[in-house]
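Good morning, and thank you for joining this group meeting. Please look at the sequence and the structure as they come up, and keep both in view while I speak.

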Amino acid sequence: MLQRYLQALIQQGRLTVRINPGKTFTFGNLIPDRPDLDVAIWINSPWTAFKIGLHPYLYFGEAVMEADLVVEKGSLWNLMELIGLNLQNAPDRGWLSRLLHGIKRFLPAHSLSASRANVAHHYDLSEKLYRLFLDEDMQYSCAYFQSSQASLEEAQIAKKDHIADKLYLSPGQSVLDIGCGWGGMALHLAKQAGVNVTGVTLSTEQLAVAEQRALAPSVNARVRFELCDYREVSGLFDRIVSVGMFEHVGLAGFDGYFQTVAERLKDDGVALIHTIGRRGKTGGRSAWLNKYIFPGGYIPSLSEITDSVEKSGLYITDIEPLRLHYAETLRHWRERFLAHRAEIAALYDDRFCRMWEFYLCWCELGFRYGDLMVFQVQLAKRLDTLPITRDYMMPQASARVAEEVAGETLKGVAHAGQTIRQGEAR
């Protein structure tokens with residue numbers, strides 16, 4: 001079964017497959033200027049090869065994790081890129097995803113306890129792990145590369161600025177950060193725009209880091225973090241931001257999610273939802289990723305998002321697809337992960353390293369060669385809340401907020417000086 005699958009798949013580049021106890025097959029042809037696409041792998045048994053051919057979206061990753069499939073020539077990324085370049089030739093193995101998709105909207109949304117367990121599975125891993133491959137601010141979502149030469153740190157700052165511009169912030173506004181992670185976005189908005197941010201997360205590990213970071217004098221009075229589900233939040237906010245969290249809601253929870261956003265926004269409020277998305281309506285779950293990396297996750301299509309937004313009564317005021325930005329982000333993460341592989345193996349073990357290297361490669365393949373991208377969806381409760389052109393979203397727009405924050409600071413200094421002079425006069 002695997003032989004037939006690879007015969008159809010591999011048309012560009014060459015893949016040599018050696019299967020114990022003594023069979024070897026070669027697929028495709030050499031590309032003269034791409035020696036990196038001449039890859040060889042070893043598979044430990046015909047049974048493993050059969051399973052991969054039957055359900056590659058689950059058993060391929062499992063075989064790599066368990067060292068039942070080993071890359072003998074080239075790297076795991078070389079193998080993934082070889083697959084990616086030939087992805088359009090892949091025989092259909094998505095029948096199970098299509099079968100399940102039809103009933104997902106009729107399943108109950110994730111319960112609070114299930115959501116907490118799903119988050120803990122991934123985000124309550126050691127902080128040390130994430131510090132070894134993320135940027136200094138620990139942004140664990142798609143960066144925004146304004147140039148191909150930008151570093152990961154520069155691209156993550158650009159992402160935060162880009163989102164801040166779309167939120168159209170003014171000093172003193174209240175902001176809800178749904179799925180705040182380690183607090184980087186909340187701290188950035190509070191410091192750069194002078195807004196007051198409430199961040200919520202279900203990860204105890206992330207909360208501990210975020211709360212410690214919020215003790216910095218520059219943001220201490222403006223930021224607070226809570227361990228709670230977004231459905232448990234009360235009150236109204238001028239702005240809502242959610243980065244990399246919507247993917248964990250699950251298809252059955254989409255309607256409720258956007259209804260909650262609508263209920264928490266003030267009448268002149270604005271929300272910015274930054275989420276991984278895909279082209280097409282089926283296959284929003286990867287069997288391997290769901291089992292080992294992101295249980296309960298679901299990647300939405302744009303039509304699934306807009307359908308639920310329309311039910312909420314919110315207006316869609318802007319949509320921006322970020323194409324290839326996440327592929328570049330994942331490349332940086334993968335390279336940093338591999339550079340620190342020995343340290344990560346000491347934290348966990350070699351199986352964990354193989355699992356996470358596969359995860360990073362598999363996701364990069366999806367964004368670089370597959371149907372994945374990131375959607376930034378801007379929402380409002382009223383049509384007249386935001387300017388009617390997109391000029392305020394451009395990079396120079398950040399200067400407007402900076403000037404307003406500086407103005408508020410100068411007012412505070414002037415007021416303090418006046419108070420001091422009045423005290424001296426007395």
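I begin at the surface. Met1, Trp47, Phe50 and Leu54 together make a nonpolar surface patch of about 400 Å². Let us take one member of this patch, Trp47, which sits in helix H2, residues 46-54. Is Trp47 buried or exposed? Its relative accessibility is 55%, and because exposed means over 50%, Trp47 counts as exposed.

I should say at once that this is a predicted model. The average pLDDT of the chain is 89, and 85% of the residues score at least 70. One stretch calls for caution: over residues 412-426 the pLDDT stays under 50, and the model has zero contacts there beyond four places in sequence.

Now the chain as a whole. There are 17 helices and 11 strands. Of the 426 residues in the chain, 51% are buried. The accessible surface comes to about 19300 Å², and carbon and sulfur atoms account for 55% of that. Let us also consider contacts between residues at least 6 apart in sequence: 75% of them join residues at least 24 apart.

Next, the interior. How many residues does the largest nonpolar core have? The number is 74, and the residues with the most contacts inside this core are Phe60, Tyr130, Tyr140, Trp288, Trp356 and Tyr359. Helix H16 supplies the largest share of this core, with 12 residues. Please find Trp288 on the screen. Leaving out residues up to four places away in sequence, Trp288 touches Tyr57, Leu58, Gly61, Glu62, Met65, Ile293, Met355, Phe358 and Tyr359. Apart from this core lies another, of 27 residues, among them Val233, Tyr257, Val261 and Leu314.

Helix H4, residues 76-85, deserves a separate look. Why may we call helix H4 largely enclosed by the rest of the structure? Nine of its 10 residues are buried, so the description is justified. Those buried residues are Leu76, Trp77, Asn78, Leu79, Met80, Glu81, Leu82, Ile83 and Gly84. Which elements cover them? The cover includes strand S1 (13-19), strand S3 (38-43), H3, S4, H14 and H16.

A single strand residue gives another view of the interior. Leu272 lies in strand S9, residues 265-278. Its relative accessible area is 0%, so Leu272 is buried. Apart from neighbours within four places in sequence, Leu272 is in contact with Ile163, Lys166, Leu167, Ile240, Val241, Ser242, Val377 and Gln378. We may also compare sequence and space for one pair: Leu272 and Val243 are 29 residues apart in sequence, and their C-alpha atoms are 8.2 Å apart.

I turn finally to charged side chains. The structure holds 27 salt bridges, and I have chosen three of them.

In one, the side chains of Arg351 and Glu66 meet, with 2.9 Å from N to O. This pair links distant parts of the chain, 285 residues apart: Arg351 belongs to helix H16 (residues 350-368), whereas Glu66 belongs to the loop between helix H3 (56-65) and strand S4 (69-73). Both partners are partly exposed, Arg351 with a relative accessible area of 34% and Glu66 with 36%.

Another salt bridge joins Asp229 and Arg231, whose closest N and O atoms are 2.7 Å apart. Here the two partners fall into separate classes. Asp229 has a relative accessible area of 3% and is therefore buried, while Arg231, at 33%, counts as partly exposed.

The remaining example is the salt bridge between Glu364 and Arg334, at 2.9 Å from N to O. It also links distant parts of the chain: Glu364 is in helix H16 and Arg334 in helix H14 (residues 325-339), with their positions 30 residues apart in sequence counted as the separation. Where do these two residues stand, buried or exposed? Both Glu364 and Arg334 are buried. Which residues join them in one network? Through salt bridges that share partners, Glu328, Arg331, Arg334, Glu335, Glu364 and Arg368 form a single network.

To close, I return to helix H16. This helix holds Arg351 and Glu364, gives the largest share of the 74-residue core, and is among the elements that cover the buried residues of H4. Thank you for your attention.

Conventions. Residues are numbered from 1 along each chain as its sequence is written. This is a predicted model: local features need pLDDT of at least 70, side-chain atom pairs count only at pLDDT 80 or more; totals for chains, interfaces and linings use all residues. Side-chain values use heavy atoms; hydrogens and water are left out. A salt bridge is a side-chain nitrogen of Lys or Arg within 4 Å of a carboxyl oxygen of Asp or Glu. Helices (H or I, at least four residues) and strands (E, at least two) are DSSP runs, numbered from the N terminus. Buried means under 20% relative accessible area, exposed over 50%, partly exposed in between (1.4 Å probe, protein chains only). A nonpolar core is a set of buried Ala, Val, Leu, Ile, Met, Phe, Trp, Tyr and Cys residues joined through side-chain atoms within 4.5 Å. Contact means heavy atoms within 4.5 Å. Patches are made of residues with over 30% relative accessible area and no salt bridge: like charges are joined within 9 Å, nonpolar side chains (Val, Leu, Ile, Met, Phe, Trp, Tyr) within 5 Å. Accessible areas come from the Shrake-Rupley method with a 1.4 Å probe; for residues, only the protein chains shown count as cover. pLDDT is the predictor's confidence in each residue, from 0 to 100.
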